[in-house]
Amino acid sequence: MTAHSSAVDRSGPRDTTSAAAARDLTKTYGTGDTAVPALRGVTADFGRATFTAVMGPSGSGKSTFMHCLAGLDRPTGGHAYIGGQDISVLGDRELTRVRRDRVGFVFQSFNLLPTLTAEQNILLPLDLAGRRADPARLAAVVGSLAIGDRLGHRPAELSGGQQQRVAIARALVTEPEVVFADEPTGALDSHTAATLLSFLRRSCRELGQTIVMVTHDPIAASYADRALLLSDGLIVDELREPTADAVLGAMRRLAA
Ligand SMILES: Nc1ncnc2c1ncn2[C@@H]1O[C@H](COP(=O)(O)OP(=O)(O)OP(=O)(O)O)[C@@H](O)[C@H]1O
């Protein structure tokens, strides 16, 4: 069975236009007495051009969920789909290609290469894939992130917020099916974080980018279209157009 045909079998996402999807995803670390069930059957759809925040208490499985969905880690059971393709059945080389060509990543620590300029960092994933940048896409991403006047600078010459904007541009320029962001504002002050979250929201609206963001911060989650709440390896709540207060209330109910 090819990876493509497996995406339309009965266990596949009902809505094959989803940018990403999870079906009954499970992940257990370790075995026997030391086994830790980090995901216990997570099903979710991430529609195209939507911005979802994944929230939950520490240890609830947020990072594990993102890693399994993005092909950074392998689930123990269930299926993860990127653009309708079941990535849980892929071999290592195919999975590497999916991560390189179809997924973008933004991490708390920016992960820029210090010896490269901002522009070289942004174009690095395309260079590694032997692809050329679509000039219109590059201009749209750079314009949306307002970093046009910083392209010749190296990371050390940029503020934290500017570095994270470069990292977001690097994630967006390949036109990935989905961008996964893990605590993208965790290392930034609140004002810089707000600017960055506005950029993420705009990239969703203006560039049609699908974004899945793991965060602890109810204010960060309020920039998303939807917040999924994880607890003990399961999705236990979903908030549409979440406000920071609504997210805080849902988190408090969870803690209680
Ligand atoms: N490599 C690992 N080996 C063993 N257990 C792990 C591993 N990674 C995560 N876990 C466990 O799996 C559970 C979920 O962890 P995960 O990091 O996904 O949670 P999280 O919600 O992202 O937490 P945090 O908000 O603290 O980052 C926790 O109980 C954690 O201790």
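The ligand in this predicted model is surrounded by Tyr29, Gly30, Val36, Ala38, Gly56, Ser58, Gly59, Ser60, Gly61, Lys62, Ser63 and Thr64, where a residue belongs to the surroundings if its C-beta atom, placed from the backbone, lies within 6 Å of the molecule. Residues are numbered from 1 along each chain as its sequence is written. Local features need pLDDT of at least 70 and side-chain atom pairs count only at pLDDT 80 or more, whereas totals for chains, interfaces and linings use all residues.

**The shell around the ligand**
- Strand E2 (36-46) and helix H2 (62-69) are the elements that give two or more residues to the shell, and the largest share, three residues, comes from H2; helices (H or I, at least four residues) and strands (E, at least two) are DSSP runs, numbered from the N terminus.
- The shell divides into three nonpolar, eight polar and one charged residue, with Ala, Val, Leu, Ile, Met, Phe, Trp, Tyr, Cys and Pro counted as nonpolar, Asp, Glu, Lys and Arg as charged, and the others, Gly among them, as polar.

**Helices H5 and H6**
- The axes of H5 (residues 135-145) and H6 (residues 160-172), which are lines fitted to C-alpha atoms over the stretch in contact, come within 10 Å and cross at roughly 155 degrees, on a scale from 0 to 180 degrees between N-to-C directions.
- H5 and H6 are therefore roughly antiparallel to each other, a label for angles over 145 degrees.
- Val141, Val142 and Leu145 of H5 make the contact with Arg165, Ile168, Ala169 and Leu172 of H6, contact meaning C-beta atoms, placed from the backbone, within 7 Å.
- These contact residues divide into six nonpolar, no polar and one charged.

Note on methods:
Angles under 35 degrees count as roughly parallel, over 145 as roughly antiparallel, 65 to 115 as roughly perpendicular and the rest as oblique. Two residues are in contact if their C-beta atoms, placed from the backbone, lie within 7 Å.
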